[in-house]
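Okay, thanks for squeezing me in, everyone. Have a look at this one on the screen, and then I'll talk you through it.

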Amino acid sequence: MNDSTSAKESRLEVRDIYKSFGVNKVLKGINLRVDKGEILALIGGNGAGKSTLMKILMGIYLPDSGEIYLDGEHIKIQNPAISLAKGIYLVPQEPLLFPNMTVSENIIISMNGKKDALLGKLKGIMEEIGWKIDLERKAETLSIAEQQLVEILRGLMRDSKLLILDEPTSSLTFHEVKSLFKTVLDLKSKGISIIYITHRLSEVFEISDSIVIMRDGIITVKGPVSEFTHEMLLQGLLPPNVDTIHRHAEESECLANYNKVVLDVKDFSGYGFKNISLKVHEGEILGLAGVVGAGRTELATTIFGRDKVLGGKVSLNGENITGLSTAELLAKGVAYLAEDRFQNGIFGLSDIEKNTTASSLNRFGKCFMSKKKEQEETQKYIDLFRTKVVDSSQQMSSLSGGNQQKVVIARALAANPKLLILDEPTRGIDIIARADVYSIIKKLKENGLAILLISSDMEEIIELSDRAMTMYCGTINKEFTKENINHDNLTTASFGIVSEGV
């Protein structure tokens, strides 16, 4: 770090932190410093050790060796209660809410003080950052993005000295991200320190003061953000023996074959959306953007037979598939990657092979499954996605979140679909894996697959889509051609502001 940084007061220092789980060495001597009022971006691939280090700071794990200092004081964090008492709060990537409790109860649970005063403080924070959510709703009714907002509000309510944000924008809209950034900068101005874990490199340059890159349990790169470029960060994330990665932005464009319509949705209505009409062609990616509650996921699950059709028609290659069951749709060639991998995506107690082939069992033997073919298919996607595993028989629940997501994507692709519906396909995936996934999605498009891409990541919609549509209050309110797909157009349309000139 430079001289001006070294003159600042230290908030957190970790020295020579080691942690192993059995023979697996996860942290191999971590030295890290965060100053008061500093935003430190912590980036690294899945399995780099970021989550383990943060869990040590929260008292969830105990280090094998090493020391932790907070405001110059040597502290021993033996459980989460100590960490919270010291002013350290972790906002997890995967929401951990009590489903039968209300939003407000989830936020103020275990906090000292009168309920009215706490609710007043909560409403003040929400008004300041411009977030609106019904505090009396049950947590079980919330979308993933809404659950994420509740977790962030929990942290903001506890006046933390050190706030750890683990992928806080992974399910937020563009407007919500901007509001969060404003809040983070306000916290910084009050002397609060932030460890900001993200896979979105554009956020690193927008919000952070300094950068740390972790790879395989060590810190490989650190310094002020001003000393780095996007390419330098990408290279720092790669193993030493890899010189380049597949840069999706550099791949050649493939024109969609607009002559053949694969998915044809006409005046389609269901719970949360109405009168939707859209087409996805062979070899085309149609991006679907919108704010939380716009009805995008509800549209996808209804097409896929999980929810009741209230009206309209859906056709696949000219065949009416309206109201068919999920099993029937899979057999017809429709595959769906769900937004919430934990609720709808993984079989935690099964191995990677069974998770990969679960949607395509008919390909591996009608009466008895061909173990060899199953292993070969699974290994193919492990290699393509660079999934970090011991072997294909490893239990699914033992993988990191990002690697679990890769297996879920592989399952959808293993069914050899004609139509692939992707709902937040790179949520929780690191920057290198994301580039791999983008490359694979584009290859699938080039091979003629029709893809409906639902994403809260505007950059993802911009990067991948041949056309894009926005949903607002359950309806399609705007369609964009490739040259008009940009942040401003998508964001304004997602909030119901439609310009006729675009």
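I'll go through confidence, then the cores, then a sheet, then the salt bridges.

So, first thing: this is a predicted model, so keep the confidence colouring in mind. Mean pLDDT for the protein comes out at 83, with 86% of residues reaching 70 or more. Which elements sit at the two ends of that scale? At the bottom it's helix 1, residues 3-6, with a mean of 44, and at the top it's strand 15, residues 319-320, with 97.

There are a couple of stretches I'd point at here. Residues 1-6 stay under 50, and the model gives them 8 contacts beyond four places in sequence. Then there's 243-257, also below 50 in pLDDT, and that stretch has 35 contacts in the model beyond its near neighbours in sequence.

Now the overall make-up. We've got 502 residues, and 54% of them count as buried. DSSP elements: 18 helices and 20 strands. And if you take contacts with a separation of 6 or more, 67% are between residues 24 or more positions apart.

On to the cores. You all know the general idea: in soluble globular proteins, nonpolar side chains tend to be buried together. Here the largest nonpolar core has 37 residues, and the ones with the most contacts inside it are Leu413, Leu420, Ile451 and Leu490. Which helix gives the most to it? That's helix 15, residues 401-414, contributing 7 residues. There's another core lying apart from that one, with 36 residues, including Val103, Met111, Ile152 and Leu187.

Let me zoom in on Leu490 for a second. Skipping neighbours within four places in sequence, Leu490 touches Ala289, Met458, Ile461, Ile462, Ala468, Thr470, Phe480 and Ile485.

Okay, the sheet. This is an open sheet of 4 strands, in the order 2-1-4-5, with antiparallel pairing. The edges are strand 2 (24-35) and strand 5 (73-75), each pairing on one side only. From one strand to the next, the twist averages 25°. Strand 1, residues 10-21, pairs antiparallel with strand 2 over 9 bridges. To pick out one of the partners, Ser10 bridges to Asp35 in strand 2.

Last topic, charges. Side chains of opposite charge can pair when their charged atoms come close. How many salt bridges does the structure hold? The count is 17.

My favourite is Arg154 with Glu151, where the closest N and O atoms are 3.3 Å apart. Why are these two neighbours in space? They're 3 residues apart in helix 6 (residues 144-157), so about one helical turn separates them. And are they buried or exposed? Both Arg154 and Glu151 are buried.

Compare a couple of others. Glu13 and Arg15 meet at 3.5 Å, N to O, and Arg15 is partly exposed, at 34% relative accessible area. Lys266 and Asp264 form a salt bridge as well, at 3.9 Å, N to O. In that pair Lys266 is partly exposed, at 46%, while Asp264 counts as buried because its relative accessible area is 15%, and the cut-off is under 20%.

And there's a little network to finish on: Arg11, Asp71 and Lys161 are linked through salt bridges.

That's my tour. Happy to rotate the view if anyone wants to look at something again.

Terms used: Residues numbered from 1 in each chain as written. Predicted model: local features only at pLDDT ≥ 70, side-chain atom pairs only at ≥ 80, totals over all residues. Heavy atoms only, no water. Core = buried A, V, L, I, M, F, W, Y, C linked by side-chain atoms within 4.5 Å. Buried < 20%, exposed > 50% of the residue type's maximum accessible area, 1.4 Å probe, protein only. Helix = DSSP H or I, 4+ residues; strand = E, 2+ residues; numbered from the N terminus. Contact = heavy atoms within 4.5 Å. pLDDT = per-residue confidence, 0-100. Pairing = 2+ DSSP bridges. Axes fitted to C-alpha atoms, helices over the stretch in contact; angles between N-to-C directions. Salt bridge = Lys/Arg side-chain N within 4 Å of Asp/Glu carboxyl O.
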